[in-house]
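User: I would like a close look at a single part of this model, with the cut-offs spelled out as you go.

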Amino acid sequence: MRASRPDDAERLTAIANMPLVRAGTLRPPFGRVEDTRRWLESGNADRLHVVAVLGDLVVGNGGLERLGGRRRHVASLGMTVADDHAGRGIGTALLRALVEAADDWLDIRRIELTVFADNAPAIRLYDKAGFETEGTLRGYAFRNGRDADVLAMARLRKS
C-alpha cells in the first residue's frame, strides 16, 4: 500500500475501465486518463486515497472521503481491484488499511458505502470487516440497461 500519486492516472483509468470493476461502480464507460489525473492532482485534505501495488504494478485502489459539518465523524468508502487480481486478498488488504487509518489516525467513527446488491464477493468482504447492511436502495443506479439496487452498509467504530 502507498499513497496514490498523479503518475498512477493511466493505470487507475485502465482499472476503472475493466468490465468487472465498471460493473461494480457508478463510473461510466470510457474513463479518460486526463480526468483521473486531474482528480489525483486536485488534492483534498478530507480525502485519503491509497493504491495497492504488486511489484511495480498498481492492482487496486481505495479511499475515504470525510464528510463535513455535523457529519465530520463520517467518511464514505470506495475501492476497486483490477479484474485480473480479484480474489487474491487485495481487497481485504485495501479495506484493512483504510479502516485502520479511519480508526487510528483520522478519528472517523462511521464509514459508509454502497455496494450493488448482486456483488456477493464485495458484500462478504464488507461483512467480514464489520460492516452491516442498513438498507436497500431500490433502483439506485442504471447499469447494463436496467435499474439496479444497492445495499447501504456502514461500520461504526467500537468505543
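Which residues form a nonpolar patch on the surface, and about how much accessible area do they have together?

Analyst: This is a predicted model, in which local features need pLDDT of at least 70 and side-chain atom pairs count only at pLDDT 80 or more, while totals for chains, interfaces and linings use all residues. Residues are numbered from 1 along each chain as its sequence is written, and side-chain values use heavy atoms, with hydrogens and water left out.

The nonpolar surface patch is formed by Leu26, Leu137 and Tyr140, which together have about 290 Å² of accessible area. Accessible areas come from the Shrake-Rupley method with a 1.4 Å probe, and for residues only the protein chains shown count as cover. A patch takes residues with over 30% relative accessible area and no salt bridge, joining like charges within 9 Å and nonpolar side chains (Val, Leu, Ile, Met, Phe, Trp, Tyr) within 5 Å; a salt bridge here is a side-chain nitrogen of Lys or Arg within 4 Å of a carboxyl oxygen of Asp or Glu.

Of the patch members, Tyr140 is placed in strand β6, residues 132-143, where helices (H or I, at least four residues) and strands (E, at least two) are DSSP runs numbered from the N terminus. Tyr140 counts as partly exposed because its relative accessibility is 40%, given that buried means under 20% relative accessible area, exposed over 50%, and partly exposed in between (1.4 Å probe, protein chains only).

Strand β6 also takes part in the second largest pocket, since β6 and α2 (19-23) each supply at least two residues of its lining. That pocket holds about 160 Å³ of space, and of its 13 lining residues the closest to the centre are Arg22, Ala23, Arg27, Arg143 and Asn144. A pocket, on a 1 Å grid over the protein atoms alone, is an open set of points where a 1.4 Å probe fits, with protein on both sides within 12 Å along at least five of seven lines, and lining residues have an atom within 4 Å of a point; grid points are joined across faces, edges and corners, and the volume is the space filled by probe spheres set on them. By class the lining has eight nonpolar, two polar and three charged residues, where Ala, Val, Leu, Ile, Met, Phe, Trp, Tyr, Cys and Pro count as nonpolar, Asp, Glu, Lys and Arg as charged, and the others, Gly among them, as polar.

In the loop between α2 and α3 (33-42) lies Phe30, a residue other than glycine whose phi is positive, near 65°. Phe30 counts as exposed because its relative accessible area is 72%.
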